[in-house]
Amino acid sequence: MKKSLSTLFVLLGLFVCTVVPSSAAEAAPVVTGVVFNNPRGTAKEQNAVKTHIISAIDQTPSGRPIRVALYVLNDQGYTDALKRAFARGVQVRVVLDSNSGNKPPAQDLIETLGTNMTKTSWVRVCSPGLACVSNAPASVNPIQHNKFFTFSRIGDAGVAEDVVIQASANQTTVNINRYWNNAYTVVGNTALYTAYANYFTDLANMKRTNDYHVQGAANDEKYYFFPRASGDPVLDFLNNVTCTGNSSVGSASHKTVIRVAASLFDRTAIADKLIALADADCWVEVVYADSPLTNRMKGDARLKLYHLQNSDGYQVHSKYLAIEGNYAGHPDTKWVFTGSHNLDKSSLRDNDEAIIRVSSNATHDAYRENFLLMRSYSVPSS
């Protein structure tokens with residue numbers, strides 16, 4: 001695998017993108033923006049996502065709630081941070097998929113917080129073999145696949161209120177030192193915070209349904225929660241793309257560029273839409289770990305596939321879509337869709353999942369640079 005050294009030297013230093021002035025960033029314990037890990041980097045770079053989240057937990061003041069929804073909790077560092085928060089009076093509430101229930105760090109947290117939801121702190125574990133909100137039967141292996149944290153306040157009053165951290169990483173060692181991940185943080189968006197808090201409540205109450213069709217606009221962000229019984233929001237995102245009409249962004253000829261980072265990718269309709277967009281003169285790139293659809297997508301000069309699942313265990317685990325160009329009739333704009341949601345059928349129909357939509361040039365450009373870094377470690381497959 002050949003790499004551009006000049007590109008790598010620039011990109012290896014990029015792990016945090018914020019969208020606030022530097023003076024505010026210095027004062028705030030957490031700011032709106034994205035953090036990436038680099039599993040091939042230094043220990044600090046590998047742990048960037050974990051360090052970011054634990055720092056937020058450690059700076060949450062007494063009396064304030066932290067809500068945590070996780071698929072796998074098998075990292076004692078997260079458990080210890082949540083126990084420290086509990087010890088100083090933070091209200092710690094955690095929802096775990098049943099796959100976490102027998103992990104020692106999860107068991108440790110359950111022993112500390114208990115499971116009594118009438119108290120201010122507790123752990124709720126989904127029923128064995130089932131998700132928490134999804135009503136899909138055990139025969140299809142539904143999971144509570146979310147990876148998000150909410151904080152009513154981090155640090156001093158008025159600095160970082162109503163915070164949501166939406167991550168792609170599971171709380172395991174391999175997600176630090178082998179998997180590429182990201183965490184997007186939103187500060188001060190009360191509408192988004194409230195939506196995530198309500199979703200968390202439904203997860204904790206196991207409000208099961210085949211169609212948890214909850215989505216909405218929240219200032220500069222939009223949220224999408226799953227499972228869905230019909231339709232496909234990701235396909236809807238792509239249906240909003242127009243390949244031409246730009247004057248300043250996109251490809252060298254100002255055609256819209258679509259970049260997809262996918263751990264799992266088996267939704268045929270999305271593959272076919274990417275093919276159609278490439279045929280319509282968009283530029284499409286996909287970095288993926290596992291997909292049965294690569295042969296279907298090969299053969300178009302404007303659709304490039306890159307396999308990032310190396311024999312030594314390194315692979316893409318992020319799940320995001322980055323669009324620069326003409327979206328929903330708005331040319332020369334930049335968008336990111338990120339969360340826990342893979343491009344597989346289970347994430348759409350069977351699992352508890354979340355996506356955030358972000359409209360931000362700085363955020364998009366950070367994801368683009370992260371994409372290019374992952375691509376440099378990938379094997380072209382088209």
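Here are a few worked exercises on the aromatic rings of this predicted model.

**Exercise 1.** How are the rings of Phe148 and Tyr196 arranged: stacked, tilted or edge-to-face?

*Solution.* Start with the big picture: searching the whole structure turns up 15 aromatic pairs. For Phe148 and Tyr196, the ring centres sit 4.9 Å apart and the planes make an angle of 85 degrees, so call this one edge-to-face. The cut-off you need here is an angle over 60 degrees. Next, place the two residues: Phe148 belongs to strand β6 (residues 148-153) and Tyr196 to helix α8 (residues 190-204), so the pair ties together parts 48 residues apart in sequence. Finally, check exposure: both Phe148 and Tyr196 are buried.

**Exercise 2.** Which residues form one aromatic cluster with Phe148 and Tyr196?

*Solution.* Just add Tyr199, Tyr212, Tyr223 and Phe225, and you have the cluster.

**Exercise 3.** Why is the pair of Trp180 and Tyr377 tilted?

*Solution.* Take the distance, then the angle. The centres are 5.7 Å apart and the planes are at 40 degrees, so the pair counts as tilted. Now find them in the chain: Trp180 is in strand β8 (residues 179-180), while Tyr377 is in the loop between α13 (361-376) and β20 (379-380), 197 residues apart. As for accessibility, Trp180 is buried at a relative accessible area of 0%, and Tyr377 is buried at 9%.

**Exercise 4.** Where do Arg40 and Arg228 lie?

*Solution.* Go one arginine at a time. Arg40 lies over the face of Tyr314, 3.9 Å from the ring centre. Arg228 lies over the face of Phe226, with 5.0 Å to the ring centre.

Conventions. Residues numbered from 1 in each chain as written. Predicted model: local features only at pLDDT ≥ 70, side-chain atom pairs only at ≥ 80, totals over all residues. Heavy atoms only, no water. Phe/Tyr/Trp six-rings, centres within 6.5 Å; stacked < 30°, edge-to-face > 60°. Helix = DSSP H or I, 4+ residues; strand = E, 2+ residues; numbered from the N terminus. Buried < 20%, exposed > 50% of the residue type's maximum accessible area, 1.4 Å probe, protein only. Lys NZ or Arg CZ within 6 Å of the ring centre and 35° of its normal.
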